[in-house]
Structure formats: C-alpha cells, structure tokens
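Please consider how the strands, helices and aromatic rings of this protein chain are arranged relative to one another. The paragraphs below proceed from one pair of rings to the sheet and then to the core.

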Amino acid sequence: MKSILNRCDSARVPFDWTINPYRGCEFGCKYCYARYTHEYMEIDGSEFERKIYVKKDAGPLLVHDLREKYSYVSAGSGPDEEKPEHIAIGTATDPYQPAEREYGVTRACLEELAKREGLSISVITKSNQIVRDIDLFKKIAERSELALNVTITTLRAGLARLLEPRAPRPDLRVAAVRQLREAGLHVGVSASPLIPGITDRDGELEAVGEAVAAAGAQWFFSGVLFLMPSSAKQFLPFIREKFPRLAKQYETWYANEAYAPEEYRKKIAERVARIKQKYGFISRPMDEARRAVPRAQLKLGWDAPAVAAQLTGMRSCAAG
C-alpha cells in the first residue's frame with residue numbers, strides 16, 4: 001500500500017518521520033540539495049523544478065499511516081519523560097510551492113493532523129502561502145507540539161530572485177512570520193543555506209536576523225551551503241555564469257567535497273551565535289528535548305547535510 005508518512009531511523013537526522021506532499025519543487029532554488037530525489041526515478045536533477053509529482057489521496061493515506069505506523073512515545077524517551085515521535089513536513093520539497101494552490105495536498109495532511117492530539121510536528125517553507133493554513137495550525141497547536149519555520153536566505157529581492165527564481169519575495173516571507181506570530185503560533189526562521197561570497201557579506205546575515213526579530217520570530221538558525229553531486233552539477237555552472245569571480249573558490253571548495261572548509265563554517269557559526277544573543281532568540285523548541293533524548297530525534301530546524309546523509313541511503317525517507 002502507498003504511504004505518505006515515511007520513517008527515518010537514523011540518529012543522523014533530527015526527525016522520526018517525514019511528509020513531503022510533492023516530489024520536485026517549482027521554486028527552482030539553484031542550490032537545492034534535494035535534486036537527487038528525482039534521480040531515484042531515473043530523472044535528471046535539472047528536471048527537479050519542471051517535473052512535479054503530486055501525492056494523491058494524502059489524507060486517507062495519512063489516516064492509515066498514523067493508525068498503523070506512528071508511535072506517540074519515541075524510542076528514545078525515558079519512563080519519566082515520554083516524547084512523541086517527530087513528524088517533519090517539507091524536508092525534501094516545499095509543501096507550499098505553487099502546486100499546493102491547485103492540489104491542496106499539504107492542507108489535506110494538516111486537516112488529518114488537526115484531528116489528533118499528542119503529536120510533534122514541524123513545517124518548513126519559503127512561501128508566504130503558509131498563512132493560508134493558520135486556522136489549522138491553531139487547531140493543531142491546541143492539541144500537539146507545533147513549530148513553524150520560514151526560510152529567508154537574504155533580504156535582497158533581486159538576489160533572492162536569482163537564487164530562488166520562483167519563491168516568494170523575502171519581504172513577503174518576513175510578513176508571513178509576523179502574521180503567524182500574531183496568530184499566537186510558534187515560529188522561527190532559517191537563513192540556510194548561507195552561500196559563501198554571495199549571502200555572507202558583512203551585515204547581510206545580521207540584517208535578516210534583525211528583520212525577523214522585529215517580525216516576532218522566536219528562533220533563528222543558519223548553516224553553510226552543502227552541495228551533493230546532483231546539486232553541484234546545477235549550481236557550479238550557475239556560479240561560473242553569474243558570479244565568475246567566485247568560480248575558482250567554489251571549484252576549490254566544492255569540486256570534491258560537499259562541505260565548505262571547517263574554518264569558514266566555524267566563523268559562520270560564531271556569527272549566528274552573536275545574532276541569536278543580540279536579538280534574544282530562544283532555543284528551537286526541540287533543542288532541549290534533543291539534549292534529554294540520546295537519539296537526536298526531536299531537533300527542530302534540521303541542517304541539509306544531516307538530512308541528505310540519511311535520505312541518500314533511504315528512498316522511502318526521500319519519498320516521504
């Protein structure tokens with residue numbers, strides 16, 4: 001039987017289950033690490049934003065999966081601190097990409113989640129369309145743990161259009177953060193990925209932090225660009241065309257490695273820490289739970305390397 005809720009068993013990822021209502025993403029972000037998911041179907045990663053697959057009958061499938069698969073007590077919970085298994089929505093494709101307006105798969109899933117209690121759920125998106133579902137988020141939050149994450153990599157509209165061609169403008173995403181917070185929901189912001197030489201100039205990451213703090217964001221995080229081979233095939237030619245001054249740096253850093261140099265990543269981590277301290281961002285909701293539970297299953301705001309490391313070896317997780 002088909003499934004919409006897919007298990008991730010590794011301690012290397014910050015969630016237990018994934019829901020990805022679509023395969024492929026129309027936003028077409030040049031750096032997207034999830035392009036490799038199309039390769040499972042023997043489709044080139046360049047088709048990721050052009051061939052979108054809709055997961056039909058998501059509502060009935062989720063009813064079945066929650067009944068047959070989901071555990072309201074995670075495997076890592078102790079007898080005195082039971083924790084529900086965490087469901088992450090949007091780990092491989094954006095749940096609020098344009099197709100959602102027509103097909104409503106994400107909303108169908110949320111409608112089923114709102115009927116239950118004792119769940120642990122997070123959502124991550126680049127779209128201000130997320131505010132459409134405030135009514136359902138309120139219902140879910142009354143009965144379950146819920147954390148919403150909006151990704152904003154830069155405030156520069158022109159740069160965002162170049163990097164994330166069909167994603168909503170940064171100011172619309174900031175406005176969505178404000179609207180979600182005004183509705184009483186728990187909301188944070190991801191500034192991931194931070195792109196070396198492009199979104200890391202002095203004050204840029206800090207400006208994102210300042211803007212989202214003013215909008216009411218409760219937490220903030222950012223990690224440096226991670227390039228899997230399928231993503232590098234698309235992103236490195238883009239760099240050579242649009243940012244030729246950076247071509248040599250990227251070829252040195254990413255030609256044979258998925259990660260930027262450790263020293264650079266450490267400096268960015270220190271910048272993020274200063275931003276969090278300056279604006280009083282709290283820990284992400286599941287960070288405390290992650291420290292208490294040996295298996296880092298409830299961390300909110302996953303980083304691409306950890307997710308990709310797991311998804312690469314698990315088709316079911318990627319397809320979720």
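Helices here are DSSP runs of type H or I with at least four residues, numbered from the N terminus. The model is a predicted one. With that in mind, the account may begin in helix 9, which spans residues 229–242 and holds both F235 and F238, three residues apart, or about one turn of the helix. An α-helix has 3.6 residues a turn, so residues three or four places apart point the same way.

A pair of aromatic rings is described by the distance of the centres and the angle of the planes. Rings count as paired when their centres lie within 6.5 Å, and the count by this rule comes to eight aromatic pairs. For F235 and F238, the ring centres are 5.7 Å apart and the planes stand at 35°, so this pair is tilted. F235 counts as buried because its relative accessibility is 0%, under the limit of 20%. F238 is buried as well, with a relative accessible area of 6%.

A further pair is formed by W253 and Y264, whose ring centres are 5.1 Å apart; their planes meet at 55°, so this pair too is tilted. It links distant parts of the chain, since W253 belongs to helix 10 (residues 247–254) and Y264 to helix 11 (residues 262–279), eleven residues apart. Y264 has a relative accessible area of 15% and is therefore buried. Ring pairs also join F235, F238, F243, Y250 and Y254 into a cluster.

Which residues of helix 10 are buried? They are A247, Y250, W253 and Y254. Viewed down the axis of helix 10, these buried residues fall within an arc of 135°, so they line one face of the helix. The face turned away from that buried side carries K248 and T252, which are exposed. Helix 9 and helix 11 are among the elements that cover the buried residues of helix 10.

Attention may now turn to the sheet. Strands of a sheet pair through backbone hydrogen bonds, either parallel or antiparallel. In this model, seven strands form an open sheet in the order 1-2-5-6-7-8-9, with mixed pairing. Strand 1 (6–7) and strand 9 (219–221) are the edge strands, each pairing on one side only.

Within the sheet, strand 5 (residues 86–89) is covered on both faces: H86 and A88 are buried on one side, and I87 and I89 are buried on the other. Strand 5 pairs in the parallel sense with strand 2 (residues 17–19) over three bridges, and W17 stands opposite I87. Strand 5 also runs parallel to strand 6 (residues 120–125), to which four bridges join it; here the bridge partner of A88 is S122.

Towards one edge, strand 8 (residues 187–190) and strand 9 pair in the parallel sense over three bridges, with V189 opposite F220. Leaving aside neighbours within four places in sequence, F220 is in contact with V189, A191, L205, V208, G209, V212, V272, I275, K276 and F281.

F220 leads on to the nonpolar interior. The largest nonpolar core has 76 residues, and those with the most contacts inside it are L113, F137, F220 and Y250. Helix 9 supplies the largest share of this core, namely five residues. Two of the residues met earlier thus return: F220 stands opposite V189 in the sheet, and Y250 is one of the buried residues of helix 10.

Conventions
Residues are numbered from 1 along each chain as its sequence is written. This is a predicted model: local features need pLDDT of at least 70, side-chain atom pairs count only at pLDDT 80 or more; totals for chains, interfaces and linings use all residues. Side-chain values use heavy atoms; hydrogens and water are left out. Rings of Phe, Tyr and Trp (its six-membered ring) pair if their centres lie within 6.5 Å; planes under 30 degrees apart count as stacked, over 60 as edge-to-face and the rest as tilted. Buried means under 20% relative accessible area, exposed over 50%, partly exposed in between (1.4 Å probe, protein chains only). Two strands pair if DSSP finds at least two bridges between them. The arc is that of the directions from the helix axis to the C-beta atoms. Contact means heavy atoms within 4.5 Å. A nonpolar core is a set of buried Ala, Val, Leu, Ile, Met, Phe, Trp, Tyr and Cys residues joined through side-chain atoms within 4.5 Å.
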